Amino acid sequence: MPADQVPGRHLRIDQLIDEAPADAWQRLSCGNGAKGPRIYDWAAAKLPANIVFDPDPPTHHRWVMARRSISDPGEIAYYLAYAPVGVDIPELVRVAGSRWAIEECFQAAKNECGLDQYEVRRYTGWYRHITLAMLAHAVLTALAAQDCEAANGAAETDQPSSRSPWQRYGACLTLSCPTPGPMTTDACMP
């Protein structure tokens, strides 16, 4: 018996995908990109249930998926998925395609907010840095969306005043704290 067919031996994912029959591949779109739909050939197979972790009957299934480029069939990406019972392959492909947007978000957070610029030794410091960097990225994204909405409604000359403490000053943003009005001595007296 060949070494790769010994019971209990683990096979590499690329070897399993190489052995996939031709009818296992489906041409599906994983979402829209900058140049339209991102279409690839996909192969997906449900993995056997794990008797240690999965209840009987299982509520979720594990999947192995492969994405093959149409223009270069040698370019293959691999995915592991864990999805509720009843999810079909096009839905798995759509979710796998959403990974691109998440990677773009993290790359933007690294470039704009220093997400990857931490040198900490403890979890608490790391957690604080990551949380603040992602919060800063969320604020910048919300402000960019506001600017886009304002640009789309450029016909309006008077923009409504914002009650947010975040105020634009030229090209920068500042936090402004409202100052209390002048106090009279009568206001302080009981």
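Q: What covers the buried residues of α2, going by the elements included there?
A: Let's start in the interior of this predicted model. The buried residues of helix α2, which spans residues 89–97, are Ile-89, Leu-92, Val-93, Ala-96 and Gly-97. Their cover includes β1 (25–33), β2 (36–46), β3 (60–68), β4 (76–84) and α3 (99–113).

Q: Within what arc do the buried residues of α2 fall, seen down its axis?
A: It helps to recall that an α-helix has 3.6 residues a turn, so residues three or four places apart point the same way. The buried set in α2 is Ile-89, Leu-92, Val-93, Ala-96 and Gly-97. These residues line one face of the helix, because seen down the axis they fall within an arc of 135 degrees.

Q: In what order do helices and strands follow one another along the sequence?
A: A quick inventory first: the protein has five helices and six strands. Read along the sequence, they give the pattern α-β-β-β-β-α-α-α-β-β-α.

Q: Is Ala-109 buried or exposed?
A: Ala-109 sits in helix α3. Beyond neighbours within four places in sequence, Ala-109 is in contact with Gly-114, Leu-115, Met-134 and His-137. The cut-off for burial is under 20% relative accessible area. Because the relative accessibility of Ala-109 is 0%, this residue counts as buried.

Q: How far apart in space are Ala-109 and Ile-130, C-alpha to C-alpha?
A: Along the sequence, Ala-109 and Ile-130 are 21 residues apart. In space, the separation from C-alpha to C-alpha is 9.9 Å.

Q: Which residues make the nonpolar surface patch of about 510 Å²?
A: A good place to look is Trp-126, found in helix α4 (residues 123–152). With 31% relative accessibility, Trp-126 counts as partly exposed, and patch members need over 30%. The patch is made by Tyr-118, Val-120, Tyr-123, Trp-126 and Tyr-127.

Q: What share of the area that the protein exposes do carbon and sulfur atoms supply?
A: Of the 190 residues, 17% count as buried. The protein exposes about 14,900 Å². Of that area, the share from carbon and sulfur atoms is 58%.

Q: How many contacts does the model have for residues 183–190 beyond four places in sequence?
A: The mean pLDDT is 78, and 75% of residues reach 70 or more. Over residues 173–177 the pLDDT is below 50, though this stretch has 12 contacts beyond near neighbours in sequence. Where pLDDT is low, the predicted coordinates should not be read in detail. For residues 183–190, where pLDDT also stays under 50, the number of such contacts is one.

Terms used
Residues are numbered from 1 along each chain as its sequence is written. This is a predicted model: local features need pLDDT of at least 70, side-chain atom pairs count only at pLDDT 80 or more; totals for chains, interfaces and linings use all residues. Side-chain values use heavy atoms; hydrogens and water are left out. Patches are made of residues with over 30% relative accessible area and no salt bridge: like charges are joined within 9 Å, nonpolar side chains (Val, Leu, Ile, Met, Phe, Trp, Tyr) within 5 Å. Accessible areas come from the Shrake-Rupley method with a 1.4 Å probe; for residues, only the protein chains shown count as cover. A salt bridge is a side-chain nitrogen of Lys or Arg within 4 Å of a carboxyl oxygen of Asp or Glu. Helices (H or I, at least four residues) and strands (E, at least two) are DSSP runs, numbered from the N terminus. Buried means under 20% relative accessible area, exposed over 50%, partly exposed in between (1.4 Å probe, protein chains only). pLDDT is the predictor's confidence in each residue, from 0 to 100. Contact means heavy atoms within 4.5 Å. The arc is that of the directions from the helix axis to the C-beta atoms.
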